[in-house]
Each structure stands twice: as C-alpha cells, then as structure tokens.
Amino acid sequence: MATLTLKNVPLDLVDQLKDEAKQNRRSLNQEALSRLELSVRLRRRSAAETVAALRRFHKTLGSRPILTDAFIDRAKREGRP
C-alpha cells in the first residue's frame, strides 16, 4: 500500500471529515479513503448523456418535456455575457 500526504487542508474540511467519520464509525483515514474511492469510481457523463437522461426522466412525469433543443439553446445564450 502507498502513503498519501495532503497539505494545506482547510481546518473546516478536516472537522467535517472527522464528524462524518464519527457518524460512519470509521477512522479519519478510513473515511478519507472511502470518499476518495467513491469519487474516483463515479463515471462522468457527457452533456449529451445528461440531456438524454433528463429527457427520459421528464417522460416518466407524464408531462411535456421542458428541455427542448430551443430551450437549451436559449438558456446557453442567456447564460453568457
């Protein structure tokens, strides 16, 4: 096993991690490893995959999807200066 040293970790982050470790009945090291493993395992979706997933979700609601191509294009334009 390798050793990893983290520098300049904000104290509030350490405190939060300690609290979470206590709630999960883990050591600080075990909690940090668990969260790193989870973070690395999460697969990042492309924008197209995210839009497709949202459209599928909206169909399950039984209403007209609000994420039309025109809506997305307008949101992109309005969100930029």
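Select R25 to begin, and you will find this residue in the loop between helix 1 and helix 2, the latter running over residues 28–41. Because this is a predicted model, each stop on the tour describes a computed geometry. Just after helix 1, R25 takes a positive phi of about 55 degrees, and this is a residue other than glycine. For background, most residues other than glycine have a negative phi. Is R25 buried or exposed? R25 counts as exposed because its relative accessible area is 81%, where the cut-off for that class is over 50%.

Next, select N8, which offers another backbone of this kind: its phi is near 60 degrees, again a positive value in a residue other than glycine. N8 belongs to the segment before helix 1, the helix that covers residues 11–23. With a relative accessible area of 78%, N8 is exposed.

From N8, move along the chain into helix 1 and select the whole helix. Helix 1 is made up of 13 residues, and from its first C-alpha to its last it reaches 18 Å, close to the 18 Å expected at 1.5 Å a residue. Within helix 1, pick out L11, a leucine that counts as exposed because its relative accessibility is 68%. If you then draw a distance from the C-alpha of L11 to that of S34, which lies 23 residues away along the chain, the separation is 20 Å.

Now turn to helix 2 and select E31, which has its place there. How accessible is E31? E31 has a relative accessible area of 1%, and it is therefore buried, the limit for that class being under 20%. Show the side chains of E31 and R26 together, and you will see a polar contact between them at 3.0 Å. Extending the selection around E31, and leaving aside its neighbours within four places in sequence, brings in the residues L17, E20, A21, N24 and R26, with which E31 is in contact.

The next thing to display is the largest pocket, which holds about 580 Å³ of space. Which residues lie nearest its centre? They are L6, L17, A32, L33 and L36, out of 17 residues that line the largest pocket. Helix 1 and helix 2 each supply at least two residues of this lining, and helix 2 gives the most, with six residues. If you colour the lining of the largest pocket by residue class, it divides into 12 nonpolar, three polar and two charged residues. L17 is worth keeping selected for a moment, since this residue is among those nearest the centre of the largest pocket and is also one of the contacts of E31.

Continue to helix 3, residues 47–60, and select the helix from end to end. Its 14 residues should span 20 Å at 1.5 Å a residue, and its end C-alpha atoms are 20 Å apart, so the expected and modelled spans agree. Inside helix 3, select F57, which is partly exposed, with a relative accessible area of 47%. A line from the C-alpha of F57 to that of K76, 19 residues apart along the chain, covers 21 Å. After helix 3 comes G62, and the phi of this glycine is positive, near 75 degrees.

For the last stop, select T68, which is found in the loop between helix 3 and helix 4, the latter covering residues 69–78. T68 counts as partly exposed because its relative accessibility is 33%, a value between the limits of under 20% for buried and over 50% for exposed. To finish, draw a distance back to R35, which is 33 residues from T68 along the chain: the C-alpha atoms of these two residues are separated by 36 Å.

Notes
Residues are numbered from 1 along each chain as its sequence is written. This is a predicted model: local features need pLDDT of at least 70, side-chain atom pairs count only at pLDDT 80 or more; totals for chains, interfaces and linings use all residues. Side-chain values use heavy atoms; hydrogens and water are left out. Helices (H or I, at least four residues) and strands (E, at least two) are DSSP runs, numbered from the N terminus. Buried means under 20% relative accessible area, exposed over 50%, partly exposed in between (1.4 Å probe, protein chains only). On a 1 Å grid over the protein atoms alone, a cavity is a set of points where a 1.4 Å probe fits but cannot get out, and a pocket is an open set with protein on both sides within 12 Å along at least five of seven lines; lining residues have an atom within 4 Å of a point. Grid points are joined across faces, edges and corners, and a volume is the space filled by probe spheres set on the points. Ala, Val, Leu, Ile, Met, Phe, Trp, Tyr, Cys and Pro count as nonpolar, Asp, Glu, Lys and Arg as charged, and the others, Gly among them, as polar. A polar contact is a pair of N or O atoms within 3.5 Å; within protein, one must be able to donate a hydrogen and the other to accept it, and residues adjacent in sequence count only if both atoms are side-chain atoms. Contact means heavy atoms within 4.5 Å. The expected span of a helix is 1.5 Å times one less than its number of residues.
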